Amino acid sequence: MATALSLTLTGAVVGAGLSDDGPSSGIGLAADKDGAPAQGGPDVSHIYGGGGKGGHTSAERAYRDLLDHSRDAKILTAAHRGQWRDAPENSLPAIRAAFQHGAEIAEIDIQLTKDGVPVLMHDTTVDRTTNGSGRVADLTLAQVKGLRLKEGLGGSQAAVTDEQVPTLEEAMTLVKDRGLVNLDKGWPFREEIWDVLAETDTVRNGIYKSSAPVAEVNGFLATHRGAVYMHMINDDNLAHVTEFGDDQPVAYEVNFGSIADAVARKPFLDSLARHSRVWSNTMWNGLADRMTDEASLIDPLRGWEGLVRGFHTSIFQTDDVEKLEAWLRTGEGDPVPHGSVRVQAEDFLPGEGIGYHDNDTANAGGLRMRPGEGVDLSDADGNVRVSWMRGGEWLSYEVTVPRTGTYAVSARVSSPYSPAGTYTLSFDGGAESDRVAVRNTTSHNKQVLQPSGVTRHLTAGRHTVRVNLPADAYQNWNLDYLQFEPVRH
């Protein structure tokens, strides 16, 4: 059985993680490559979870923390497909940014090229995330390397970057001293992945994952010394936990569409957390019921905090690394900056032709929050927003600013299109601002706060702000909220 997994040898496991026995130690002892000195002491700044273990590098600390199943273990952050908000998903810059922003784990996806080389790619084709097309399995490494990745989560209208598709070898060389990686979709290629981990001396940086039969998993682990393994469970394979016996995986990825599922019940999770980490996915609805990143930004008890308190979550896979890391430190989801004002898109003033104008009378968003009004309200994984934005429509809002001064306006928006849309702002019935372009966020459901470039001097008190959608501009975007931040001089 692999050394990282034995329930009865926990003390020896941690010791094994710091030695050079086995095929590869996997955790370097050099200073952090990001330029910051490695810190040996625990981080006591978090209010959720413990401070964490010491170590010579960030990767060593992350490995030690992963093996810590105590009640006060540090809560770990896994960046979904890397920090794709800063760089293309599954790219080397996205992996680097994930660790720079506080994640201990970068989740990456593995596919195998025609000539048997593991590369980072979520889909079985390169269509969505690159400027090419075709199945990864039908393309040679040279052909894959000739492609260029698209921004963010990709899509047909995402901009093409200069970044190439990384090989797993390139990714593991990058992460060696920085942290761990979750090798998603890699179980069918586990032998090819193992060869890369062994060659790059990163066996303990890579976390294998599958929902395969327990006998298959144990067969692999028995012959691959030091492999780190996490198992995926839901109601369909709940019995796997018992089948592992005393040699339990280092973590379980627990997926449930409803809190009524057997896998989400407290007695089961109480037992699981005594010997393994509990990994929760909060990227969208249905992975941990409706406890999502977006719900957490509104109220952490609806997501991250609720999962820690009620479901023993000690590893989060997230699309909002920076926000989750801030929550671990402060307990706040998406706080309004000091002195600023935030207005939710669904809080528009009432009355067709008075508070808003929508081109049709039906709510195409399907969210019945304001019955009888035609504005298209929808839910995006816990986030309520105005959707189906179309030319000629407008929305007005009441905004009360706390102090007289100049305020800069930003809008939290989403759209997979280029161009996504255009809007103008007017204040208290005055002239419209210059047009503001909504930029592609590479997803309908992934919102980004975008500065408008519009500033206004506002006196303390109540004002009316109108968002106008020019009729001659393409419009297909979603609005979460407007934010008014004081300009500091």
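Does Trp388 count as buried, partly exposed or exposed, and what is its relative accessibility? Trp388 counts as partly exposed, at 38% relative accessibility. The model described here is predicted.

**Loops and backbone**

Trp388 sits in the loop that links β13 (383–386) to β14 (394–401). Its phi is positive, at about 50 degrees, although Trp388 is not a glycine.

Thr442 is another non-glycine residue with a positive phi, in this case near 70 degrees. The loop that holds Thr442 runs between β17 (436–438) and β18 (443–458). Thr442 has a relative accessible area of 10% and is buried. The cut-off explains the two labels: buried means under 20% and exposed means over 50%, so 10% is buried and 38% is partly exposed.

A third loop holds a cis peptide bond. This bond joins Ser418 to Pro419, with omega at about -5 degrees. Pro419 belongs to the loop between β15 (405–415) and β16.

**Gly421 and its surroundings**

Strand β16 covers residues 421–427, and Gly421 is part of it. Gly421 is buried, with a relative accessible area of 2%. What does Gly421 touch, not counting residues up to four places away in sequence? The list is Val436, Ala437, Val438, Tyr474, Gln475 and Trp477. Met389 is 32 residues from Gly421 along the chain, yet their C-alpha atoms are separated by 8.4 Å.

**Helix pairs**

Three helix pairs are set out below.

| Helix pair | Axis separation | Angle |
|---|---|---|
| α3 (residues 92–100) and α5 (residues 168–175) | within 10 Å | roughly 25 degrees |
| α5 and α6 (residues 190–199) | 10 Å | about 40 degrees |
| α11 (residues 304–311) and α12 (residues 321–330) | within 11 Å | roughly 55 degrees |

Take α3 and α5, whose axes cross at roughly 25 degrees. That angle makes α3 roughly parallel to α5. The crossing of α3 past α5 is right-handed. From α3, the contact uses Leu92, Ile95, Arg96 and Phe99; from α5, it uses Glu170, Ala171, Leu174 and Val175. By class, 6 of these residues are nonpolar, none is polar and 2 are charged.

Helix α5 also packs against α6, at an angle of about 40 degrees. Here α5 is oblique to α6. Again the crossing is right-handed as α5 passes α6. Leu168, Glu169 and Met172 of α5 make the contact with Ile193, Val196 and Leu197 of α6. The contact of α5 with α6 has 5 nonpolar residues, no polar ones and 1 charged.

The axes of α11 and α12 cross at roughly 55 degrees. This makes α11 oblique to α12. Trp304, Glu305 and Val308 are the α11 residues that meet α12, where the partners are Lys323, Leu324 and Trp327. The contact of α11 with α12 divides into 4 nonpolar, no polar and 2 charged residues.

**Nonpolar cores**

In soluble globular proteins, nonpolar side chains tend to be buried together. How many residues does the largest nonpolar core have in this model? The count is 58. The residues with the most contacts inside this core are Ile95, Leu168, Leu183, Tyr208, Val254, Phe256 and Leu272. Helix α5 gives the most to the core, with 5 residues. Two of the names recur from the helix pairs: Ile95 belongs to the α3 side of the contact with α5, and Leu168 to the α5 side of the contact with α6.

Tyr208 has a long list of partners. Leaving aside neighbours within four places in sequence, Tyr208 is in contact with Leu183, Trp187, Arg190, Ile193, Trp194, Leu197, Phe220, Ala227, Val228, Tyr229 and Met230. Ile193 and Leu197 on that list also take part in the contact of α6 with α5.

Apart from the largest core lies another, of 32 residues. Its members include Ala420, Tyr423, Leu425 and Val438. Val438 is also one of the residues that Gly421 touches.

**A covered helix**

Helix α2 spans residues 58–66 and is mostly covered, with 7 of its 9 residues buried. Which residues of α2 are buried? They are Ala59, Glu60, Arg61, Ala62, Tyr63, Asp65 and Leu66.

Definitions and conventions:
Residues are numbered from 1 along each chain as its sequence is written. This is a predicted model: local features need pLDDT of at least 70, side-chain atom pairs count only at pLDDT 80 or more; totals for chains, interfaces and linings use all residues. Side-chain values use heavy atoms; hydrogens and water are left out. Axes are lines fitted to C-alpha atoms, for helices over the stretch in contact, and angles run from 0 to 180 degrees between N-to-C directions. Helices (H or I, at least four residues) and strands (E, at least two) are DSSP runs, numbered from the N terminus. Angles under 35 degrees count as roughly parallel, over 145 as roughly antiparallel, 65 to 115 as roughly perpendicular and the rest as oblique. A crossing is left-handed if the near helix is turned anticlockwise from the far one by less than a right angle, and right-handed if clockwise. Contact means heavy atoms within 4.5 Å. Ala, Val, Leu, Ile, Met, Phe, Trp, Tyr, Cys and Pro count as nonpolar, Asp, Glu, Lys and Arg as charged, and the others, Gly among them, as polar. A nonpolar core is a set of buried Ala, Val, Leu, Ile, Met, Phe, Trp, Tyr and Cys residues joined through side-chain atoms within 4.5 Å. Buried means under 20% relative accessible area, exposed over 50%, partly exposed in between (1.4 Å probe, protein chains only).
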